[in-house]
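I opened this notebook to keep track of what I looked up, one item at a time. The entries go from the whole chain down to single residues.

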Amino acid sequence: MDKYSPLPLVSAPFEQQPVVQLRQVRKSFNVGEPTEVEVLHGIDLSLSAGEFCAVMGPSGSGKSTLLNIVGLLDRPTQGQLSIAGEETTRLDDQALTRLRGRSIGFVFQYHHLIGAFSAMENVMLPMLGLAGFPNAAMQARAEALINSVGLSRWKDSPAGRLSGGQQQRVAVARALAMQPALLLADEPTGNLDTKSADAVFDLLREVNRVHGTAVLFVTHNPDLALRCDKTIQVVDGQVV
């Protein structure tokens, strides 16, 4: 894989304030019905700017539900959740969408790129969702992000013609388009060969180191987890 260009270092230290804070978060499904089941049982979790945290646990342990709640894709049944200093419990759907769009970037196991769009066009999509039309500033930022992940030669190539590792690097660049305080990475290396997986992980660490972006990195790979700042285990709906 091509080596990405390091992003410019910042000079100021990162403020150690919580980017994510969960207090006694519970999540139940089919509430009020005979089939009601609670899958998260009083989760407490705090993640500060600049922290890189691995999330591990067996299938069915509640990892995906936890990630959906932190990503504001689902609401907790009980408890409090703050993202980038904003308490979310009483926000309506529109306010949650705005907060998610400006504060959270997502990288999934599958890249979810639009194959017919160029790499740069895919990176611009989150910015277009906010402004509605492209402008020179968006194009400049998208190009800078494409360069930072080492894909300047392929910026105009359709995403569907890129390799798996290249596509995932485009997905990382897209996740950074809005300069989010939090990056949620859900098995982003799961479909990649070892070399490509290492390169994508190193890129996420570089983003974390340079910009102080807090990262929640869901993985089943214990070797990658050991390279994170800390690891939490989710077992039977609880953090242990």
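My entries on this structure follow.

**Entry 1: overall picture**

I note at the outset that this is a predicted model. I counted secondary structure before anything else. The protein has seven helices and 10 strands.

Next I checked the size. The C-alpha atoms fill a box of roughly 55 × 40 × 40 Å along the principal axes. I then asked what radius of gyration a compact globule with 240 residues would have. The expected value is near 18 Å, and the protein has 18 Å, so the two agree.

I also looked up burial and contact range. Of the 240 residues, 47% count as buried. I took contacts with a separation of 6 or more and looked at how far apart the partners lie in sequence. Residues 24 or more positions apart account for 73% of those contacts.

**Entry 2: helices α5 and α6**

I turned to one helix pair. Helix α5 covers residues 164–175, and helix α6 covers residues 194–211. Their axes come within 10 Å of each other. They cross at roughly 15°. Angles under 35 degrees count as roughly parallel, and α5 and α6 are therefore roughly parallel to each other. I logged the handedness too: α5 passes α6 in a right-handed crossing.

Which residues make the contact? On the α5 side I found Gly 165, Gln 168, Arg 169 and Val 172. On the α6 side I found Ser 196, Val 200, Leu 203 and Leu 204. I sorted this contact by class and got four nonpolar, three polar and one charged residues.

**Entry 3: positive phi**

I looked up two residues for their backbone angles. Gln 24 has phi near 50°, a positive value in a residue other than glycine. Gln 24 is found in strand β1, which covers residues 18–29. Is Gln 24 buried, partly exposed or exposed? Its relative accessibility is 42%, so I wrote it down as partly exposed.

Asp 236 also has phi near 50°, again positive and again in a residue other than glycine. Asp 236 sits in the loop between β9 (230–235) and β10 (238–239). At 60% relative accessibility, Asp 236 counts as exposed.

**Entry 4: Gln 233**

I stayed with β9 for this entry. Gln 233 has its place in that strand. Its relative accessibility is 32%, so Gln 233 counts as partly exposed.

How far apart are Gln 233 and Val 55 in space? I read off 6.0 Å, C-alpha to C-alpha. In sequence the two are 178 residues apart. I then listed the contacts of Gln 233, leaving aside its neighbours within four places in sequence. They are Met 56, Gly 57, Gln 238, Val 239 and Val 240.

**Entry 5: Ser 103**

I moved to helix α2, residues 93–103, where Ser 103 is found. Is Ser 103 buried or exposed? At 7% relative accessibility, Ser 103 counts as buried.

What does Ser 103 touch, not counting residues up to four places away in sequence? I listed Ile 83, Ala 84, Pro 180, Ala 181 and Leu 182.

**Entry 6: two alanines in α4**

I finished with helix α4, residues 136–148, where Ala 137 has its place. At 56% relative accessibility, Ala 137 counts as exposed. I looked up its C-alpha distance to Ile 43 and got 40 Å. Along the chain, Ala 137 and Ile 43 are 94 residues apart.

Ala 140 is found in α4 too. Its relative accessible area is 47%, and Ala 140 is partly exposed. The cut-off for exposed is over 50%, which is why I kept Ala 137 at 56% in the exposed class and Ala 140 at 47% in the partly exposed one. I also looked up the pair of Ala 140 and Met 124. The two are 16 residues apart in sequence. In space they are 9.8 Å apart, C-alpha to C-alpha.

Definitions and conventions:
Residues are numbered from 1 along each chain as its sequence is written. This is a predicted model: local features need pLDDT of at least 70, side-chain atom pairs count only at pLDDT 80 or more; totals for chains, interfaces and linings use all residues. Side-chain values use heavy atoms; hydrogens and water are left out. Axes are lines fitted to C-alpha atoms, for helices over the stretch in contact, and angles run from 0 to 180 degrees between N-to-C directions. Helices (H or I, at least four residues) and strands (E, at least two) are DSSP runs, numbered from the N terminus. Angles under 35 degrees count as roughly parallel, over 145 as roughly antiparallel, 65 to 115 as roughly perpendicular and the rest as oblique. A crossing is left-handed if the near helix is turned anticlockwise from the far one by less than a right angle, and right-handed if clockwise. Contact means heavy atoms within 4.5 Å. Ala, Val, Leu, Ile, Met, Phe, Trp, Tyr, Cys and Pro count as nonpolar, Asp, Glu, Lys and Arg as charged, and the others, Gly among them, as polar. The radius of gyration is taken over C-alpha atoms; the globule rule is 2.2 Å times the number of residues to the power 0.38. Buried means under 20% relative accessible area, exposed over 50%, partly exposed in between (1.4 Å probe, protein chains only).
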